[in-house]
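User: I am new to this structure and would like to go through it step by step. Could you take my questions in turn?

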Amino acid sequence: MIVPTQTIMVMDGSIGQAAESQAKAFKESSQFGSIILTKMDGHARGGGAISAVATTKTPIVFIGTGEHATDLEIFKPQSFISKLLGIGDIQSLIEHVQSLNLQDDESHKKTIENFKEGKFTLRDFQTQMNNFMKMGPLTNIASMIPGMSNIMSQVGEEETSSKIKNMIYIMDSMTTKELDSDGRIFTQEPERIIRVARGAGCTAVEVEMVLQQQRMMSAMAVNAKNMGGPQGAPGAAPGGNNMARMMQQAQQNPGFMQQAMNMFGGAGGAGGAGGMPDMSAMMNNPNMIQQAQQMMRQNPGMMQQAQQMMQNPGMMQKMMSQFGGMGGMGGMGN
Ligand SMILES: Nc1nc2c(ncn2[C@@H]2O[C@H](COP(=O)(O)OP(=O)(O)OP(=O)(O)O)[C@@H](O)[C@H]2O)c(=O)[nH]1
C-alpha cells in the first residue's frame with residue numbers, strides 16, 4: 001500500500017483560463033499540495049496558472065521545459081512574471097552568459113579587443129557564432145531576451161540553428177589567412193569563395209552572405225570606434241554589472257532588438273539567421289548595443305538598405321557579378 005506524502009498536480013502551461021476550473025476541481029477531489037507547470041519551453045507563457053494558484057492557494061514548485069526527466073526547473077516567480085509580461089528574463093540570461101565564462105576565453109577576449117580597435121575579422125565572426133551555439137537551445141535563449149521570442153517563433157528553432165551551423169561550416173572551411181583577414185581577400189580573389197563553398201558543401205551565394213554579414217559587423221566596429229564611446233572606461237570588463245546595464249538598455253527599448261534582427265534578415269531570405277551573430281556580439285560586449293543603437297539613430301538609411309539587400313536575392317546576384325569593384329556593405333556605414 002502506497003501512502004503518498006505529497007500530491008502534485010501537473011498542469012499543461014498552455015491550458016489558458018481553463019486552469020482555474022480544472023485546478024479547483026482537482027483540489028476538491030485530491031487536495032494536492034503543489035503544482036508543476038509543464039511545456040513552458042513552448043509558446044505558452046502559463047498565464048492561466050496564476051488563477052490556478054490563486055483559487056487553490058497552492059504554489060507552483062517546478063516548471064517543465066522539455067520532454068526529459070531532467071527538464072524540470074525550479075519555479076522562479078520573478079522570471080515567470082517577466083516572461084509573462086513579455087519583457088524578457090534578464091536575470092536568467094545574465095546567469096546563463098556568465099555560466100559560459102566567456103571572459104576567460106582567449107578568442108572571445110581577442111574579439112572584444114578587435115572590436116574596440118574598430119576591427120571585426122572573419123575569425124571574430126566565427127568566435128561569435130560558436131559562442132552563440134554554446135548558449136544552448138535558441139528558443140530558450142530567445143525567451144529570455146525582450147522582444148526576441150516573437151522573432152524566433154517566426155523563423156523557428158531548427159531553421160535558425162541549422163543556418164547558424166551552416167555559417168560555422170563555411171568559416172571552418174576558410175584558411176587561417178582568410179579568417180584573420182577583414183574579408184577583402186575574397187573580393188580580390190573571388191575564386192576563394194568557390195573553394196570555401198566546395199569545402200562547406202554549400203553555394204557561393206551562401207559564402208557571400210557570410211562575408212556580407214561580417215562586413216556589416218565590421219562596419220559597426222569601425223563606427224563604434226569612430227564614435228569613441230565609453231568602452232575605454234576602466235573596469236569596463238565584460239561581466240555581470242555591465243551585462244545588467246546593457247540588458248536594461250535593451251529592455252527599455254525592446255524595439256531595438258527587433259530592428260536589429262530585421263536588419264540582418266529576420267524571417268525569410270537566405271540571410272535568415274543573420275541576426276544571431278549580432279545578438280551574440282551584443283550580449284557579450286556590453287558597449288556594443290549602445291553604440292549600435294547610436295549608429296542606427298544617426299544613420300537610419302543603413303538599416304533600410306541592409307534590409308533590402310537581405311530580402312532581395314536578385315540584388316545579391318548582382319553584387320556577386322560585380323565583385324571586383326565592390327566596396328560592399330562595409331563601405332555603407334561610413
Ligand atoms: N516540450 C515539452 N513536452 C512535454 C513537457 N511535459 C510533457 N511533455 C510531453 O507531452 C506529452 C504528453 O505527456 P504525458 O506525460 O503523457 O501527459 P499526460 O497528461 O500524462 O497524458 P495522458 O496520460 O494522455 O492524459 C509527452 O510526449 C511528453 O514528453 C514539457 O514540459 N515540454
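User: In which loop does Lys-57 lie, and what is its phi near?
Analyst: In this predicted model, Lys-57 is found in the loop that runs between α2 and β3, the latter covering residues 60-64. Most residues other than glycine have a negative phi. Lys-57 is not a glycine and yet has a positive phi, with a value near 50°.

User: Which residue in the loop between β2 and α2 is placed there with a positive phi although it is not a glycine?
Analyst: The loop in question lies between β2, residues 34-38, and α2, residues 48-56. A residue placed in this loop has a positive phi of about 60° without being a glycine, and that residue is Lys-39.

User: Which residue has a polar side-chain atom 2.8 Å from a nitrogen atom of the ligand?
Analyst: The residues around the ligand are Thr-38, Lys-39, Asp-41, Gly-64, Thr-65, Gly-66 and Glu-67. Lys-39 places a polar backbone atom 2.7 Å from an oxygen atom of the ligand, and Gly-66 has a backbone N or O atom 3.4 Å from a ligand nitrogen. The contact asked about instead comes from a side chain, and the residue that provides this polar atom at 2.8 Å from a ligand nitrogen is Asp-41.

User: How much of the area that the ligand exposes when taken alone does the protein bury?
Analyst: The shell around the ligand is made up of 4 polar and 3 charged residues, with no nonpolar ones. Taken alone, the ligand exposes 650 Å², and of that area the protein buries 34%.

User: Are α5 and α6 parallel or oblique to each other, and what is the handedness of their crossing?
Analyst: Helix α5 spans residues 106-116 and helix α6 spans residues 122-134, and their axes come within 9 Å of each other, crossing at roughly 130°. With that angle between them, the two helices α5 and α6 are therefore oblique to each other. As for the handedness, the crossing in which α5 passes α6 is left-handed.

Key. Residues numbered from 1 in each chain as written. Predicted model: local features only at pLDDT ≥ 70, side-chain atom pairs only at ≥ 80, totals over all residues. Heavy atoms only, no water. Near = heavy atom within 4 Å. Polar contact = N/O pair within 3.5 Å; in protein donor to acceptor, adjacent residues only side chain to side chain. Areas by Shrake-Rupley, 256 points an atom, 1.4 Å probe, with all protein chains shown as cover. Nonpolar A, V, L, I, M, F, W, Y, C, P; charged D, E, K, R; others polar. Axes fitted to C-alpha atoms, helices over the stretch in contact; angles between N-to-C directions. Helix = DSSP H or I, 4+ residues; strand = E, 2+ residues; numbered from the N terminus. Parallel < 35°, antiparallel > 145°, perpendicular 65-115°, else oblique. Left-handed = near helix turned anticlockwise from the far one by under 90°.
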